[in-house]
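Visitor: I'd like to go through a structure with you at the bench. Please bring it up and we'll start.
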Amino acid sequence: PTHLAVILDKGSQSFRNDLYPQYKAHRPPPPEDLVPQFPLIRDATRAFSLPCIEEEGFEADDLIASYAREATRRGWKGTIVSSHKDPMQLIGPDPETGAQIDMLDTMKSLRIAIPEVEEKFGVPPERVGDVLALMGDSADNIPGIKGIGPKTATKLIQEHGDLESALAAAEGMKPSKLRERLIEEADMARLSRILVELKQDCNLPMSLDDFELGEIPREP
């Protein structure tokens, strides 16, 4: 890579908590022995002359998405180093420049591109948010629609194309629990869709040019 930055969560609250107060509400506090390591990680990152970015009100994934999109607008290839599933929504070519975004999951030593996303979710990256909106996400306490799991969510998006089309098709379905839930909990699915969507237009606190890799500073 020619440019690199480390992006962190500023805190536990973001604009998503304003939309849905229960967002991530069930998460326990971090272990006591982990908390003192947070400032050390920031100090270590900056000691290697790497930008260390965090913004109040936004999650790291939102800033990552915004920087990744800005990079591809410039025609740069971008790699998101993460083991999270949410950034998988970004994988693929920029619609204007064709510059590619992929992911590197260092926990599994796995490079993730469009085929890996389709294998995991059964849909292309741009439809991952629709699947998550239906099935919910227990890790972030995103509700989705009760009783709809990954297989059903994927099947609905494969058959109907996107979330709104799946919800609209519910009226014509045979009577079933699935039909009832799609109709009764449609608004919750729409809210979930907003919650899982990564923000790609955050104000960028640093320029991409500031991410250029240089020499590690040496002690005098």
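Guide: Let's begin with one residue: Tyr67 is buried, with a relative accessible area of 4%. Buried means under 20% relative accessible area, exposed is over 50%, and partly exposed is in between, using a 1.4 Å probe and protein chains only.

Visitor: Before we go on, what am I looking at, and how are things counted?
Guide: This is a predicted model, where local features need pLDDT of at least 70 and side-chain atom pairs count only at pLDDT 80 or more, while totals for chains, interfaces and linings use all residues. Residues are numbered from 1 along each chain as its sequence is written, and side-chain values use heavy atoms, with hydrogens and water left out.

Visitor: Fine. How many aromatic pairs are there?
Guide: The count is two aromatic pairs. In one, the rings of Tyr67 and Phe211 have centres 4.9 Å apart and planes at 50°, so the pair is tilted. The rule takes rings of Phe, Tyr and Trp (its six-membered ring) with centres within 6.5 Å; planes under 30 degrees apart are stacked, over 60 edge-to-face, and the rest tilted.

Visitor: Where do those two sit in the chain?
Guide: The pair links distant parts: Tyr67 is in helix H3 (residues 60-73) and Phe211 in the segment after helix H9 (186-196), 144 residues apart. Helices (H or I, at least four residues) and strands (E, at least two) are DSSP runs, numbered from the N terminus.

Visitor: And Phe211, buried or exposed?
Guide: Phe211 counts as buried, at 7% relative accessibility.

Visitor: Zoom out a bit. What's the overall make-up?
Guide: The protein chain has nine helices and six strands. Its C-alpha trace spans about 75 × 45 × 30 Å along the principal axes. Of its 220 residues, 38% count as buried.

Visitor: OK, salt bridges. How many?
Guide: The structure holds 21 of them, each being a side-chain nitrogen of Lys or Arg within 4 Å of a carboxyl oxygen of Asp or Glu.

Visitor: Give me one that involves Arg69.
Guide: Arg69 bridges to Asp94, at 3.5 Å from N to O. Arg69 is in helix H3 and Asp94 in the loop between E4 and strand E5 (100-105), so to speak distant parts of the chain, 25 residues apart. Arg69 is buried at 11% relative accessible area, and Asp94 is buried at 5%.

Visitor: What about Arg73, which partner does that one have?
Guide: Arg73 meets Glu70 in a salt bridge, at 3.4 Å from N to O. Both lie in helix H3, three residues apart, about one turn of the helix. Arg73 is partly exposed at 44% relative accessibility, and Glu70 is partly exposed at 25%.

Visitor: Any bigger groupings? What is Asp140 linked to?
Guide: Asp140 belongs to a network of salt bridges with Arg16, Lys24, Arg27, Glu59 and Asp62.

Visitor: Which residues does His26 touch?
Guide: Leaving aside neighbours within four places in sequence, His26 is in contact (heavy atoms within 4.5 Å) with Ser138, Ala139, Asp140 and Asn141. His26 sits in the loop between helix H1 (15-19) and helix H2 (37-47). His26 and Asn141 are 115 residues apart in sequence, with their C-alpha atoms 7.0 Å apart in space.

Visitor: Now Asp86. What's its nearest side chain of opposite charge?
Guide: That is Lys85, 4.8 Å away; Asp86 is buried yet has no salt bridge. For charge, Lys and Arg count as positive and Asp and Glu as negative, while His and the chain ends are not counted. Asp86 is in the loop between strand E3 (78-81) and strand E4 (92-93). Beyond its neighbours within four places in sequence, Asp86 contacts Asp61, Leu132, Asp137, Asp140 and Leu198.

Visitor: Last topic, cysteines. How many disulfides?
Guide: Zero, taking a disulfide as a pair of cysteine sulfur atoms within 2.5 Å.

Visitor: Why does Cys202 have no bond?
Guide: The closest cysteine sulfur, in Cys52, is 16 Å from the sulfur of Cys202, which is too far for a bond. Cys202 is buried at 7% relative accessibility, and Cys52 is buried at 11%.
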